[in-house]
Amino acid sequence: MNSTPTDAAAPAYNRSRQAREAETLLDRIEDDFPDNPQAMRYFYDLFRNVYCHGEPVRHQGTLVGTTCIHAPEELIYAFGATPVRLCNGSYHYDQIGADFMPAKSCPLVKATLGSLHAKAAVPNTQSLELIVNPTTCDQKTKASAMMEAMGYKVHDLELPPAKESEEARLYWQRSVRSFALRLRELTGRKLTRNNLKAAMARTARAQAAFRTLHQLRKSAPALFLGKDAFLVTNAYFFDDIDRWTEAVEQLNAELRSRQTEGFQAAQKRAPRILFTGSPPIFPNLKLPLLIEEAGGVVVADETCSANRMLYDMTAVDEWLLNDMVDGLADRYLKPCTCPIFTRNDDRQRRLLQLAADFNVDGVVYQAFAGCQVYEMEYRSIADVLAAQGIPMLYVETDYSPDDMGQLSTRIEAFLESLKTRKRNKQ
Amino acid sequence: MKRIRDAINGVDLRRFRFWLQLFFFVLLVYGGYLAVNLGQYLPTFSCGFNDAGRGGICYLLPLQHQLAMSWRTLFGWAGLMVVQGFLFFALWFFVLNKGWCGYVCPLGTIQDWITSLRTRLGIRYSRYTEGQFRRLTLIKYLLLALMILIPLGIGGALLPHDMGTPFCDICPGRMIIPMFTGDFSQLTIDFSTKTTTVMTALGLLVTGLFLGGAFFKKRFFCFFCPMSALHYLLSKPALLRLKKDGAKCTRCGDCYRVCDMEIREIADEVKDPRIMQDDCIMCLKCVATCPEPGALKATFAGITLFESTEQGFIKRMNQGHNDEQHPH
């Protein structure tokens with residue numbers, strides 16, 4: 001592995017640049033907005049500890065890195081290991097990772113590679129024993145060999161490129177079963193009905209808490225802001241799952257009492273935004289923050305760093321190992337709206353339903369420059385939304401802060417147009 | 001009102017079904033002892049060969065008898081009797097639609113009991129491949145056609161009279177259901193003629209397949225049931241309906257996972273709101289296992305009886321997590 005204790009002597013510079021990036025953002029998230037929920041304190045502190053002070057990621061047993069939402073975390077927990085999502089949102093690591101990928105590639109993949117390559121990276125995952133790399137988009141698929149070259153053990157979790165057919169489903173179920181075998185090899189433990197059931201119950205509880213939070217965002221005017229929601233789901237990448245769930249349950253309780261008090265976290269007229277596309281990952285919360293600093297409020301999202309990661313729940317008919325594992329496999333494949341699959345009608349339908357359910361005024365579509373699949377789906381999504389009369393702003397961006405000024409102008413103009421529309425409707 | 005609705009939508013469907021199925025099983029298999037008689041047009045396998053205990057008679061038995069009348073009688077005044085019988089059958093059917101299969105049919109209930117025995121033993125289920133499914137699903141229509149054509153052939157003196165009621169001969173219900181009232185006499189081969197020998201031997205074979213098949217495959221027999229085929233042909237105007245709101249569906253496939261009949265359309269179809277397929281037994285497990293509010297629902301005469309909710313899903317799956325551990 002790359003980071004060895006001998007590196008500990010010289011992390012100061014790297015860490016400080018990383019830390020500054022995180023610190024600036026956390027300050028904006030906390031200080032630029034009044035009325036942050038009390039329960040968000042837990043998450044602000046968590047990010048400060050992990051990103052600014054370099055506190056190691058807490059884990060029980062073997063630490064297993066995942067590079068995508070397709071890696072079934074319940075299996076990892078069942079083997080007594082702890083998953084940590086490695087997808088990285090730091091511009092600093094994006095620049096380091098640029099050595100591995102062509103110039104016009106996805107900043108998320110570059111930053112992930114960069115953080116794995118960096119010495120004393122944050123979040124601090126020094127004891128990583130395995131990386132599960134689902135073969136999703138081309139760039140992530142090709143990253144496998146590069147991570148291996150850095151000295152990591154990598155498991156390619158083979159994902160089919162289509163998800164409609166029964167063949168794809170069975171292929172993926174087999175793929176998930178062989179992942180379970182790999183974990184058994186790694187941990188020396190056995191997968192049993194009881195430990196899988198217990199692991200699934202933990203995730204199910206986290207998902208139930210997420211769903212409650214998600215539903216609370218239907219409230220109009222908004223009870224809290226989208227930047228906080230993204231921070232909460234981002235924390236799920238590396239936080240202890242039970243602590244995370246408790247913190248979210250507390251947040252839910254606070255939001256419920258806000259609801260009964262008639263509290264407003266945003267103006268009544270604030271345009272309600274549905275966020276979709278490439279995932280905002282801390283510290284790259286650039287776009288959601290710009291939206292909310294300009295007076296909009298992100299009320300729902302369709303991204304793999306939030307909704308897509310936690311929304312869909314596993315169903316089991318017979319609580320036997322085979323049905324549980326296959327059920328997990330199905331949950332990670334069938335409802336997924338990732339643009340890497342052949343068709344995107346599920347994503348279109350999901351966006352329309354979210355727009356209707358959350359009383360959305362407009363959609364912001366973020367595409368990372370180099371994230372081809374989102375760029376390619378832009379047109380079809382734009383058409384479907386236009387047909388329903390839902391305005392959309394398409395933003396191509398990356399992790400660099402250079403385009404902030406330009407973006408904030410565009411976003412302000414978009415929000416202004418939404419406000420005018422709303423006024424004219426009334 | 002909302003509280004009642006929440007309670008219904010949060011129901012533990014597994015338990016609810018178990019008790020309701022048990023109730024109907026007792027009614028139809030032992031009801032005769034309590035002088036229950038629901039007539040001879042029941043759209044479910046309330047076996048007529050269970051002389052002592054039956055609470056009503058499966059319509060397929062009188063239907064085959066009637067169709068085997070000589071053609072002169074059948075196409076004369078007696079034809080009206082057949083039509084009348086069919087109407088009674090249809091009226092019964094319209095009430096519950098295929099709910100007769102998932103909640104009332106004693107043979108279906110027996111299969112569910114066998115399934116729960118299997119899970120208690122910790123043995124996994126088997127499934128068909130998609131190709132097998134597409135072919136096998138046609139067999140029930142073939143059986144339905146034969147069940148009508150053979151008696152007609154007998155009536156026209158084209159086929160030997162001892163073919164009698166051909167479907168009953170091979171139906172596992174004829175051998176199994178009377179056993180519940182202590183009557184094992186059906187469990188034999190009738191050597192009186194060559195035809196009866198063949199038909200009853202076939203019946204014995206099917207019964208063996210039924211017991212073995214149901215152990216490994218959920219609702220093994222329902223897949224081939226000609227009654228199910230007949231139901232489907234009449235299902236359009238039925239009062240109990242299964243509906244899907246495709247816009248709310250995420251196609252997560254949870255419903256398909258739990259479907260005993262392996263019906264893929266339940267998960268994949270998002271355009272047609274009338275989602276019930278020919279193999280459906282209306283057990284409503286799909287509704288109970290759908291996490292999307294209002295995506296699936298059961299309605300009766302347009303009134304929603306039971307619909308999918310997030311809370312209901314979470315509650316039911318949680319029950320799974322907390323299930324008592326079965327001994328290994």
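## Phe191(B) and its surface patch

Phe191(B) sits in the loop that runs between α11 (172-176) and α12 (194-216) of chain B. The model is a predicted one. With a relative accessibility of 60%, Phe191(B) counts as exposed, because exposed means over 50%. Phe191(B) is one of the residues of a nonpolar patch on the surface. The other members are Phe184(B), Leu187(B), Ile189(B) and Leu204(B), and the patch covers about 460 Å².

## Where chain B meets chain A

How many residues of chain B are in contact with chain A? There are 41, and they touch 37 residues of chain A. The two chains bury about 3300 Å² between them, and 45% of that area is on carbon and sulfur atoms. Three residues, Arg251(B), Arg257(B) and His321(B), supply 22% of the area that chain B buries against chain A, more than any other three residues.

The interface between chain B and chain A has 11 salt bridges. One salt bridge joins the side chains of Glu166(A) and Arg264(B), at 3.8 Å from N to O. Between the two chains, 18 residue pairs are in polar contact, with both residues at pLDDT 80 or more. Which helices of chain B each supply at least two residues of the side that touches chain A? They are α7 (106-120), α14 (254-258) and α17 (310-322). Of the elements on this side of chain B, α17(B) gives the most, with six residues.

## An enclosed helix in chain A

Is helix α9 of chain A, residues 226-235, largely enclosed or largely open? In this helix 10 of the 10 residues are buried, so α9(A) is largely enclosed by the rest of the structure. Buried here means under 20% relative accessible area. The buried residues of α9(A) include the charged-type names Lys227(A) and Asp228(A) as well as Phe230(A), Leu231(A) and Val232(A).

The loop between α8 (193-216) and α9 of chain A holds Pro221(A). The peptide bond that leads from Ala220(A) to Pro221(A) is cis, with omega near -5°.

## Other backbone details

A cis peptide bond also links Val122(A) to Pro123(A), with omega near -10°. Pro123(A) is in the loop between α5 (107-117) and β3 (128-134) of chain A.

Two residues that are not glycine have a positive phi. In chain A, phi of Asn359(A) is near 50°, and Asn359(A) lies in the loop between α14 (345-357) and β7 (362-368). In chain B, Ala35(B) has a phi of about 65°. Ala35(B) lies in the loop between α2 (13-30) and α3 (60-67) of chain B, and at 69% relative accessibility Ala35(B) counts as exposed.

## Trp71(B) and its surroundings

Trp71(B) belongs to helix α4 (residues 71-74) of chain B. Is Trp71(B) buried, partly exposed or exposed? Trp71(B) has a relative accessible area of 38%, so it is partly exposed.

Leaving aside neighbours within four places in sequence, Trp71(B) is in contact with Gly76(B), Leu152(B), Gly155(B), Gly156(B) and Leu158(B). A polar atom of the Trp71(B) side chain lies 2.7 Å from the backbone oxygen of Leu152(B). Gln111(B) is 40 residues from Trp71(B) in sequence, and their C-alpha atoms are 38 Å apart in space.

Definitions and conventions:
Residues are numbered from 1 along each chain as its sequence is written. Chains are lettered from A and ligands numbered from 1 in the order in which they are written. This is a predicted model: local features need pLDDT of at least 70, side-chain atom pairs count only at pLDDT 80 or more; totals for chains, interfaces and linings use all residues. Side-chain values use heavy atoms; hydrogens and water are left out. Patches are made of residues with over 30% relative accessible area and no salt bridge: like charges are joined within 9 Å, nonpolar side chains (Val, Leu, Ile, Met, Phe, Trp, Tyr) within 5 Å. Accessible areas come from the Shrake-Rupley method with a 1.4 Å probe; for residues, only the protein chains shown count as cover. A salt bridge is a side-chain nitrogen of Lys or Arg within 4 Å of a carboxyl oxygen of Asp or Glu. Helices (H or I, at least four residues) and strands (E, at least two) are DSSP runs, numbered from the N terminus. Buried means under 20% relative accessible area, exposed over 50%, partly exposed in between (1.4 Å probe, protein chains only). Contact means heavy atoms within 4.5 Å. Buried area is the accessible area (1.4 Å probe) that two parts lose on being put together, summed over both. A polar contact is a pair of N or O atoms within 3.5 Å; within protein, one must be able to donate a hydrogen and the other to accept it, and residues adjacent in sequence count only if both atoms are side-chain atoms.
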